[in-house]
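Okay everyone, thanks for coming. I've got one structure to walk you through today, so let's put it up on the screen.

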Amino acid sequence: MASDEVEGTSPLPHADEHITLIGLGAIGVSFLALHLTYSSATVSVYDPRPDLEEHIQAVLPLYLPSSVDVASLISVGRLNLCASLEEACLAATIVQEQGPENVGFKQKTWSEVIRYVAPTCHLWSSTSGIPASKQLEHLSTTDDKHLEYPPTTDDIQASSARQRLLIVHPFNPPHIMPLLELVPSPHTTPAEVSFAKSYFTALRSGHRPITIHRESAGFVANRLSFILFREACHLVNEGVASAEEIDEVVRASLGPRWAMAGPFKMYGFGGGNKGLRGFLDNIGESIGEVWRDAGTITMDDDAWKDKVVEQTTQAYGLPSAEDIRVRDGGLRAVVKAQEEQERVARHGGGQGGQ
Ligand SMILES: NC(=O)c1ccc[n+]([C@@H]2O[C@H](COP(=O)([O-])OP(=O)(O)OC[C@H]3O[C@@H](n4cnc5c(N)ncnc54)[C@H](O)[C@@H]3O)[C@@H](O)[C@H]2O)c1
C-alpha cells in the first residue's frame with residue numbers, strides 16, 4: 001500500500017506503544033517514517049549527532065506523505081527528539097536500535113538500555129549481520145537455564161534481555177521495502193517473535209516479516225545480496241564489464257525476474273515440465289563451472305574498491321534528494337506490481353477478484 005493511501009482509513013494501530021529509535025541515519029529515519037505513517041504510536045528518538053533536528057527536518061519529509069508536517073508532529077508530542085539515551089528510553093514499550101554496525105556499540109547500547117526500560121520492553125536491532133546472541137554475550141556468562149540461587153540482579157536482567165532481543169532486519173529503505181527478517185537468538189522467546197510479526201502485520205503497510213530459523217552472518221537476504229555483489233565487483237575488477245553495464249544487466253534480467261518469483265520458483269520454469277530437477281540436469285554443468293570460476297576478492301584489498309567506487313561515482317555522482325525520490329517512486333511501483341500479481345494469482349484476472 002502506498003503511504004499516501006493510508007489517510008482516511010480506519011484508526012491506525014499501536015496507540016499504546018511508545019517506540020524508541022536509537023540511531024537516526026539512513027535506516028533510522030526510514031523506520032521513523034514507517035512508524036509515523038502507519039501507526040499511532042508515540043516515537044522518541046536519540047542520536048548524538050549535533051544536527052539531529054535539522055537532519056530530521058531535511059530527510060523525514062522525503063519519506064512521509066505530503067500532508068504530514070514534521071514540526072506539528074514534534075509540537076503535539078507524537079515525535080520526541082531526546083538529548084540522552086536515558087530520556088529516550090523512559091517510556092519505551094519497544095526499543096529499536098539502528099546505530100553504527102559494530103559489536104562494541106551494540107553491546108554498550110544494550111547494557112545501558114536495559115537499565116532504563118521496563119522489564120517487559122521489546123528489544124529490536126536492525127543490524128545487517130551481528131546476531132542477537134553476540135549483541136548480549138558480554139552481559140553475563142551465566143547460562144539462563146542454570147541461574148545460581150539466589151540469582152544476582154545482573155543475571156536476572158541479562159537473562160530477561162536475552163529473551164526479549166531479536167533482530168528485525170530491514171532491507172533499505174524500510175519504509176518501502178516489504179522484507180523484515182525476524183532473527184531470534186536461541187534465547188529469544190517465541191512470544192517476542194510473534195509480537196514483532198503482529199506489530200508489522202497490523203501496520204497494513206505491505207510489510208512481509210519472515211522468521212529466519214537460525215542465526216548466521218548476514219541472515220538470508222544479505223547473504224544472497226552480498227554474494228552477488230562480490231561477483232559484480234570481481235567482474236568490474238577484471239574488466240569483464242563496467243559498473244554501469246553490470247547495473248543495466250541486472251535491471252534488465254534478474255531485477256524484473258526476481259520481483260515476480262524467487263530463484264527456486266523461477267529456475268523451476270527453466271526446466272520445462274521437469275521443473276527444477278530438469279533445470280539442474282540441463283544447465284548444471286555450466287552452473288558448476290561458474291561456481292568454480294567465481295571471484296574471491298576480499299575486504300582487505302583496496303585496489304578493487306578504488307576501481308568500483310570510481311566507476312560508480314563517475315556514472316551516477318553521489319545520491320541526491322531527487323535520486324532518493326526517483327528510487328522510492330520506482331520501488332513503490334515494483335512492490336505495487338507484486339501485490340497486483342498476487343491479487344490476480346489469488347482471484348484470477350479482471351476486476352472480479354476485488
Ligand atoms: N544502510 C543499509 O542499507 C542497512 C540496511 C539494513 C540494516 N542496516 C543496519 O542499520 C544500522 C544503521 O545503518 P545506517 O545505514 O542507518 O547507518 P548510518 O551511518 O546512516 O546511521 C547510523 C546513525 O547512528 C548514529 N550514532 C552514532 N553513535 C550513536 C550512539 N552512541 N547512539 C545512537 N546513535 C548513534 C549516527 O549519528 C548515525 O546517524 C546498522 O546496524 C546497519 O547494519 C543498514
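So, C233 is buried, at 3% relative accessibility, where buried means under 20% relative accessible area with a 1.4 Å probe, counting protein chains only. C89 is buried too, with a relative accessible area of 0%.

Quick caveat: this is a predicted model, so local features need pLDDT of at least 70 and side-chain atom pairs count only at pLDDT 80 or more, while totals for chains, interfaces and linings use all residues. Residues are numbered from 1 along each chain as its sequence is written, and side-chain values use heavy atoms, with hydrogens and water left out.

How many disulfides does the structure hold? Zero, taking a disulfide as a pair of cysteine sulfur atoms within 2.5 Å. For C89, the nearest cysteine sulfur belongs to C121 and sits 7.2 Å away.

Now the ligand. It's surrounded by 22 residues, each with a heavy atom within 4 Å of it. The closest are I27, D47, E101, K106 and S128. By class, that shell has nine nonpolar, nine polar and four charged residues; Asp, Glu, Lys and Arg count as charged, Ala, Val, Leu, Ile, Met, Phe, Trp, Tyr, Cys and Pro as nonpolar, and the others, Gly among them, as polar.

Then the polar contacts, meaning N or O pairs within 3.5 Å. A polar side-chain atom of E101 is 2.6 Å from a ligand oxygen, and a side-chain N or O of K106 is 2.8 Å from a ligand oxygen. G25 uses a backbone N or O atom, 3.4 Å from an oxygen of the ligand.

Conventions. Buried < 20%, exposed > 50% of the residue type's maximum accessible area, 1.4 Å probe, protein only. Polar contact = N/O pair within 3.5 Å; in protein donor to acceptor, adjacent residues only side chain to side chain.
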